[in-house]
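Q: I have a model open and want to go through its main features. Can you walk me through it?

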Amino acid sequence: MSQQGPILVVSTARRPSFALALDEARLFPVIESEWADAPRAIEQVQPAAVLAAMSEVDQARFAALAKLVAARQPYLPLISVDPLIALPDNAIPFFQTRGRADRLLARLNSALRIRSLHATVMRRLVLAKPIGLSDIETARDATVLLIGRGGTYPTLSVSLGERTGMVGALSIEAAARHLNTRDIDGIVLSEGFSPRVIDAFLTVLSEDARFRNLPVVVTSGNLAPTHDLPNLEIIPGDPAQVVATALPLIRQHAFEAHLSRALHALDAEGLIDARTGLLTKAAFDRDFATAVYHTAERGGGLSVARFVFDPVHPRARFDGARIISRLMRQMDFGVVQLDGSVMVVFAETDLKTAHMIARRLSSVMRHTSHGKRDARSEPAVTLATLMPNDSARSLLARLHDESRRAAS
């Protein structure tokens with residue numbers, strides 16, 4: 001990690017032990033401040049991250065500091081060490097356990113990587129506009145994978161499902177399938193597995209670059225945090241504490257995913273929608289007309305699917321759009337329409353094959369809960385294929401006619 005600025009440590013008069021660990025690492029200049037001087041220090045020092053010792057601070061003072069930090073651009077990580085109070089949304093908890101000082105350095109580097117990504121996106125935006133962690137709502141933008149089969153699983157399922165999109169898995173094998181087919185912003189590993197199975201699962205995560213920075217909260221108290229996972233926390237016991245610890249980390253990861261999509265959209269020169277990863281409406285209309293023309297001229301197949309989501313769960317269409325963006329073939333392309341439905345064009349594909357692909361996409365979406373009490377949203381799917389006398393307009397009209405007939 002390249003040096004982005006000093007690290008500000010906020011504490012009481014006593015120097016916290018984690019400040020010594022930062023000094024010994026010699027990676028960052030460390031500047032210390034007492035709580036009363038922290039706002040002025042942030043303005044003067046322009047830190048790259050703020051680490052707060054939470055042992056002797058009241059909630060009002062910390063909330064004021066968190067509000068000041070949240071207003072900074074680019075993203076300024078705020079890590080609260082050993083918190084004893086309820087934390088604001090932008091405060092990342094860190095619990096010093098088992099004497100692993102390098103865990104804090106890993107957590108810090110992971111957060112600084114997101115700060116660097118945010119600075120890159122801001123620098124490349126043609127029209128300067130604010131983009132920050134405050135734009136991310138866990139209930140709208142994040143998805144957590146809950147793994148478990150013990151007594152706390154139902155409670156965790158309800159608590160997480162009320163605050164974020166959630167995918168449940170009763171086995172490690174099912175969890176692996178979800179990780180490979182969809183975008184996950186965090187993992188909560190609940191009861192029901194032996195320490196050996198948990199250790200093997202965490203080892204696999206740490207060895208795969210796709211998952212190494214995922215937030216992982218484990219509810220088993222019989223595990224030492226020895227894995228190379230910078231956002232791993234072990235929180236045994238109370239489900240409320242588990243959720244409170246997981247959500248800020250999940251929100252931070254959802255912000256990173258949003259920034260990555262925004263960067264991809266910039267690389268595509270505005271043809272990609274940053275929120276869904278699919279094409280913008282203008283780009284889709286142009287590519288669809290071109291695809292219909294070339295298919296009619298050269299022969300072959302072209303099919304179109306329309307996914308309609310339950311309006312009761314508005315975030316379902318964005319979750320579905322991201323799943324489609326991730327899983328569709330490179331030759332295919334799609335868009336979120338103004339009515340909230342998702343249109344996907346399957347190039348060089350007959351109707352039978354399109355049915356198979358659409359069923360696979362729908363089966364992945366089926367496992368996501370949106371809202372309270374495990375409410376699930378499976379899209380209604382209609383398909384149409386290009387006929388010899390079709391134009392782009394007539395094919396879309398026929399697809400909408402099929403949708404109306406299916407609805408009636």
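A: What follows goes through a sheet, a cavity, a pocket and one loop residue.

Q: What kind of model is this?

A: This is a predicted model.

Q: OK, the sheet. How many strands form it, and in what order?

A: The open sheet is formed by 5 strands, in the order β2-β1-β3-β4-β5. Their pairing is parallel.

Q: Which ones are the edge strands?

A: The edge strands are β2, residues 30-34, and β5, residues 91-94. Each of these pairs on one side only.

Q: How much are neighbouring strands turned against each other?

A: On average, neighbouring strands of this sheet are turned by 25 degrees, with direction ignored.

Q: And what holds strands together in a sheet, generally?

A: Strands of a sheet pair through backbone hydrogen bonds, and the pairing can be parallel or antiparallel.

Q: Back to this one. What does β3 pair with?

A: β3 pairs with β1, residues 7-11, in the parallel sense over 4 bridges. With β4, β3 also pairs in the parallel sense, again over 4 bridges.

Q: Which residues does Val50 face in those strands?

A: On the β1 side, Val50 is the bridge partner of Leu8. In β4, Val50 stands opposite Leu78.

Q: How does the chain get from β3 to β4?

A: The chain crosses through helix α3, residues 59-70. This β-α-β crossover is right-handed.

Q: Is β3 mostly covered or mostly open?

A: Strand β3, residues 49-53, is mostly covered, with 5 of its 5 residues buried. Ala49, Leu51 and Ala53 are buried on one side, and Val50 and Ala52 are buried on the other.

Q: What about β4 and β5?

A: β4, residues 78-81, pairs with β5 in the parallel sense over 4 bridges. Within that pair, Ile79 stands opposite Ile92 of β5.

Q: Switching topic. How many cavities of 30 Å³ or more are there?

A: The structure holds 1 cavity of that size. The largest cavity has about 30 Å³ of space.

Q: What lines it?

A: The lining of the largest cavity consists of Ser110, Ile114, Asn213, Asn231, Leu249, Gln252, His253 and Glu256. Two elements, α4 (101-124) and α9 (239-267), give two or more residues to that lining. α9 gives the most, with 4 residues.

Q: Polar or nonpolar in there?

A: The lining of the largest cavity divides into 5 polar, 2 nonpolar and 1 charged residue.

Q: And pockets, how big is the largest?

A: The largest pocket has a volume of about 770 Å³. Its lining has 29 residues.

Q: Which of those lie nearest the centre?

A: Asp183, Ala257, Ser260, Arg261 and Arg326 lie nearest the centre of the largest pocket.

Q: Which helices contribute to that lining?

A: α9 and α11, residues 315-327, each supply at least two residues to the lining of the largest pocket. α9 gives the most here, with 7 residues.

Q: What's the split by class?

A: The lining of the largest pocket has 11 charged, 10 nonpolar and 8 polar residues.

Q: One last thing, Arg182. Where is it?

A: Arg182 is in the loop between α7 (172-181) and β8 (186-189).

Q: Buried or exposed?

A: Arg182 has a relative accessible area of 1%, so it counts as buried. The cut-off for buried is under 20%.

Q: How far is Arg182 from Gly320?

A: Arg182 and Gly320 are 9.6 Å apart in space, C-alpha to C-alpha. In sequence, Arg182 and Gly320 are 138 residues apart.

How values were computed
Residues numbered from 1 in each chain as written. Predicted model: local features only at pLDDT ≥ 70, side-chain atom pairs only at ≥ 80, totals over all residues. Heavy atoms only, no water. Pairing = 2+ DSSP bridges. Axes fitted to C-alpha atoms, helices over the stretch in contact; angles between N-to-C directions. Buried < 20%, exposed > 50% of the residue type's maximum accessible area, 1.4 Å probe, protein only. Right-handed = clockwise from strand over helix to strand, strands pointing away. 1 Å grid on protein atoms, 1.4 Å probe; cavity = no way out; pocket = protein on both sides within 12 Å on 5 of 7 lines; lining within 4 Å. Points joined across faces, edges and corners; volume = space filled by probe spheres on them. Nonpolar A, V, L, I, M, F, W, Y, C, P; charged D, E, K, R; others polar.
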